[in-house]
Every structure is written in C-alpha cells, then in structure tokens.
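User: I'm new to reading protein models and would like to learn how to go through one feature by feature. Can you walk me through it?

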Amino acid sequence: MTATLTRQAPQHAPDAAATLAASTPSWSRRAKNRAASAAVVAAVALTAVPLALVIWAAVERGSARLDLTLFTHSMRGVVGQGGGLLHALTGTLIITGATAIISIPLGLAAAIYLTEYAGGNKLAAITRRAVDIMVSIPSIVAGLAAYALFSLILGPGTRSGLAGAVALAMIMIPVVVRSSEEVLRLVPADLREAGLALGSPRWRVIRKIVLPTALPGLTAGAVLGVARVIGETAPLLLVAGFTDAMNYNLADGRMATLPVFIYTQWSSKGLDTAAYDQRAWAGALVLMAVVVVLQLAARALPPQIAKLRRNR
Amino acid sequence: MMAAASAVALVLVGVLVFLAVNGGPAVTAGEGELPAHAKNFLALAGPLAFGSLWVAVIALALASLPAVGVALAATIYAPSPRFGRFLGAVLDLLAAVPSVVFGLWGLMVLAPAVVPGYEWAHAHLGWLPFFSGEPSVTGRTVLTAGMVVAVMILPIMAAICRESFALTPPALIEAAYALGATRWEMVRAAVLPVARSGIVAGGMLGLGRALGETMAVAMVLSATPSLISFNVISAENPSTIAAFIASTFPESTGAEVSALIGLGLVLFAISLVVSLVGRRIAKQGGLR
C-alpha cells in the first residue's frame, strides 16, 4: 500500500510550481549532466564500433574465399591459391569434442559434490580455491603445462591433438564447475527436501529431481564452456601444432585447428600473400560464425530455468 | 563425486608440478642455453615482464572509462530493460570473439589506420617520452597492441561494473533525486561510491586478463624481446611474456623450451596475484 502511495504523482500545492522552478538545476549543473550522458553514449559507441568493425572486416575480407573448396579441401600440397580448411575444422571439432568429454563430466561431478554433498567441509573449500586459481591461469600457461605433462610421459617435443584437448580441458573445467554450481544452487531446496522426505536416497534425488530441473542451465553452461575454448589459439599452437593434411587420430601427431589455421595462414605465407590473407579471413569468418551460433544456443536455454523459478 | 572434486584440485597441483619440473632448470641456465641470446633467466624474464605489465596497463587505462560508461548505460542510463539486455548481448559477443581474430584485425586493419595518428602525436606531443623517437610506419606498436587488448578486456570489466551498479540500493537513488540531483549528480553521489570496490575489482580482473593475452599481442606487436622502453609508437617495442612464448615456442628445443616454461610460471605467478587481489576486493564489495 505504501509503495503505491509513494509512486503517485505529488499533489501540487499552489506554490509548488514556484518551488520547482527554484529547484531547477543551474546552467553548469545541467551542462555537466549533459556532458556525462554524452560520455555514456560515447562509451557505448566505443564498445559497439570495434565489434562492428571486426565483424565487417571478417565478412568483407573473408567472403572472397567462402566457397565450396574451402569446406571440402585441406591445405595438403597447396601453394598459393585454392585449398581449404577442412582439416582445421575437423581438428577443431575432434579436439573440442575431446575437451568436452573430459571437462563436462568432471566439472559437473565436482559441482554436484560442492552443492549437494560437501556442505562447508575442507575439501569443498580447497576445490573452490583451486577453481578460483584455475580460472586465472593464462591459456598459454595451460598449453605449457600440457606440453610439460606429455613430454614427461612421451618424451620431449611430442605434439598431438590429445595434448591440445588436455590443455583446453584445464581452461574449460573451472568454467564448467562454476556455471554448474551456480545453476544447481538455483534448484529450490524444497524440491530436494520433498524427495528426501519420501525416503529417496540422496543420489536418486539428485538424478531424478535436481539434475532434470537444472538441465537447461547446465546445458547452457556447458555450451558456453565450449564457446570459451573453441577459439583458443595459443595452447593449441604449442601442443597440437599445425599440419596441412587431415589427421583424425587424437593420439598421433600434429592436428590442425581453426584458430591455429588462421594464425599460420598469416604467419607463414607463401609468395601469393593475398591468397593466404583471404584464407585467414575466411577462417576467421567461419570461426566467428561457430562462436556466435554457440552463444545464441546458450542464450536460448536459460529462460527455461528462469520460468521454472517463477513457477515455484 | 568426492573424487571429481579432488581431481579438480589435483589438476591444479599437476599444472604447478609439471611447470616447475620442466621450467625449474631454466632459472640456473647460463648464456647460450636461453632464447633471444639472454645472459641469464632474469635478463630474459625482466624485460618481458615489463612488456607484459606495460601493455596491460595501457589496455587498462584505455578500457576503464568506456567499461564504466557502458556499465552505466546498461543499468542506470538504459532507456528500457530491453536495451540493457541488448547491450549485455553485445558485450558477450565482444568477449566471445577469438583473440586470433582480434590479432588479425589489429594487424591488418587497425595498425595501418592509426599510423597518421601516431605521426601527429609524434609531431605535436614528441616532448613526452611516450611519443618521442620516429613513429613506426607499420603501426604495429605497443599502443596498437594496447588498444586491441583494451577492446578484449572491456567486456569483463563492464560485466563486473554492471553487476555492482545493479546492487545500488534503490532508496539511495530515489533519495538523491528527491534532493534535486541531476542524473549525473545521482550517479556520483549514490551509484559510484557504492560500486567503488566493484569497479576496482573489475579493473584488476581486466588487468589479469590483459597480462595473459597472447595471440593478439603476438600478432600485432613487432617486438624486440630484450627491450625496455616506455615509447608507445616506435618501431622498436618490448615484447610480452605470453607473446614471446607463443612466437618462440614452435621453433624451440631442449633448454630453450624449459626457459619458456619457466617464463610461463612467472606469468602465472603475476596474473595469479593480480586476480586474487581483484577477487578479494570484489568479495569486499559484496559481489560473487
């Protein structure tokens, strides 16, 4: 009731107009206010313009090579014009898939432990701290760590898609843990208590009630995790290396990926530099399209959990 | 489940152990064993650490005001909640653009475009140490790299500022307006003081991100790894730890690789300190 009262327009007494006129801000205060508003608009422009310019550059310079050959050919034996990024696209799908297979179960299980089992015990505190630290690992350091791990096991200098997937998993696991934990916390406690009160064991409650309820949010988190690692270049440049040919074997030898393809098309050009630049931009256009699709997919999911909360 | 949680913590321990085992020997390595003809590890790591911090600070300086501005636009100044959401989507998209694409853009589009600006800055502001000396003709300088990194860290900084602006108690906002404040005076009196720790935390996390930024810097910067210089428009630029690792690693072997891993450990330590401080400040401000 009070809320509606305060929202009403003030009842103007006869002298209210005079009071209002007297309280109109001075010229300099209005000027400052206007300058601040202009600065805010400028800040929005400063954010939107680079994004627009990057997208425009990729479309303008990349569309020249957005042909069928690009998606049906690798760079094997190609010098100058022609060639494609099939090997890099395949490599990205394989490595990102492997990363997801490592990171999602592990990250989700850790998040379930943190929200459903741990309470406030010591292991939970350590795990949370570890996740905090892992989020701040620069991606190139994850690449170095994966390289160090694989050279301890397989000898120095090895490159493989699997090492790339392990490096990316170091980046993706903390992302999955954080987003899953956040979503699991949104599942209302009375749903769990209802299940437990009916005598279901905790694991059954999690499997039949908590996880299905949280599924859209968990999926969105996983998709955002994939979007986060699919554009990573530096770690893959170190440990997955680069090749011009197809390689379907995660465990054996260098595997090209889309971001590294873009980088190498620029960094090691042949004589016909325009052909290499066009391929780099075409690769950038494809990679951005993939990332945008993943973002939109993740964006389409969470409202379901919002709705679910409103229905409770 | 318990095993999974322990495994996550163990992954971190593993990262540190693998890096230390492989990178440790580099600390005592002498002349001839290190990349870039460095005399010892310190002579290698020092200038690169300077470069990392220098590029990151430039990026932070360029990004902080726009980040606060965009966050204000998405919360206080937004004409409708829909506009706020739209701006959020723009920021998410900007955050999602892969760094290699930003590198390509910075190198081929931005760098040539800023050269006239650098020439002007040299002619008129040449008395400042930042703009002294011949400007680069390619535009591939520390300042250009800083601009690209600024665009890349803007979304995370804006996201945290936005979160803390949204926490301003509505009563404070109404009170400021009731006292006759203009919108800007309300922001200064009610929004910014409450969000101060959020703004600082956003800056620290942005700085941490900027320190680890690799590909964009490696591609944009035309670097001399042993150089320490505050000049931001010259053709001779310091390199950064991350960019140096990325551009040197593919051709390195043996002791050089271990030196690069040692550099990675240094970078990890620097960005860890920065982001832990940032997170602590964020928690004090009541953010996640």
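User: Where in chain B is confidence lowest, and where is it highest?

Analyst: Start with the idea: pLDDT is the predictor's confidence in each residue, from 0 to 100. In chain B the low point is helix α1 (residues 2–23), with a mean of 85, and the high point is α5(B), at 92. Over the whole of chain B the average pLDDT is 87, and 99% of the residues score at least 70. One thing to keep in mind: this is a predicted model, where local features need pLDDT of at least 70, side-chain atom pairs count only at pLDDT 80 or more, and totals for chains, interfaces and linings use all residues. As for bookkeeping, residues are numbered from 1 along each chain as its sequence is written, chains are lettered from A and ligands numbered from 1 in the order in which they are written, and side-chain values use heavy atoms, with hydrogens and water left out.

User: And what does chain A average?

Analyst: Chain A averages a pLDDT of 84, with 89% of its residues at 70 or above. Residues 1–14 of chain A stay under 50, and there the model has 2 contacts beyond four places in sequence. A contact means heavy atoms within 4.5 Å. Residues 305–312 of chain A are also below 50; that stretch has 8 contacts beyond near neighbours in sequence.

User: How many helices and strands does chain A have?

Analyst: Helices (H or I, at least four residues) and strands (E, at least two) are DSSP runs, numbered from the N terminus. Chain A has 14 helices and 0 strands, while chain B has 10 helices and 0 strands.

User: What share of each chain is buried?

Analyst: A residue is buried if it has under 20% relative accessible area, exposed if over 50%, and partly exposed in between (1.4 Å probe, protein chains only). By that rule, 50% of the 312 residues of chain A count as buried. For chain B it's 55% of 288 residues.

User: What do contacts say about how each chain folds back on itself?

Analyst: Look at how far apart in sequence the partners are. Taking contacts in chain A between residues at least 6 apart, 74% join residues at least 24 apart. In chain B, 77% of the contacts with a separation of 6 or more are between residues 24 or more positions apart.

User: How far apart are the ends of helix α8 of chain A?

Analyst: The expected span of a helix is 1.5 Å times one less than its number of residues. For the 26 residues of α8(A), residues 161–186, that gives 38 Å, and the end C-alpha atoms are 36 Å apart, which agrees. There's a kink too; the bend at a residue is the angle between axes fitted to the seven residues ending there and the seven starting there. In α8(A) a kink of about 35° lies at A:M170, shortly before the proline A:P174. The helix is mostly covered, with 19 of its 26 residues buried.

User: Where does α5(B) bend?

Analyst: At B:I153, by about 35°, and the proline B:P155 follows within four residues. This helix, residues 142–165, should span 34 Å, and its end C-alpha atoms are 32 Å apart, which agrees. Since 19 of its 24 residues are buried, α5(B) is largely enclosed by the rest of the structure.

User: Is A:D132 buried or exposed, and what does it touch?

Analyst: A:D132 is buried, with a relative accessible area of 15%. This residue lies in helix α6 (residues 122–135) of chain A. Not counting residues up to four places away in sequence, A:D132 touches A:R178, B:R279 and B:K283.

User: Which residues are in contact with B:S271?

Analyst: Leaving aside neighbours within four places in sequence, they are A:S136, A:P138, B:G208 and B:L211. B:S271 sits in helix α10 (residues 254–284) of chain B and is buried, with a relative accessible area of 1%.
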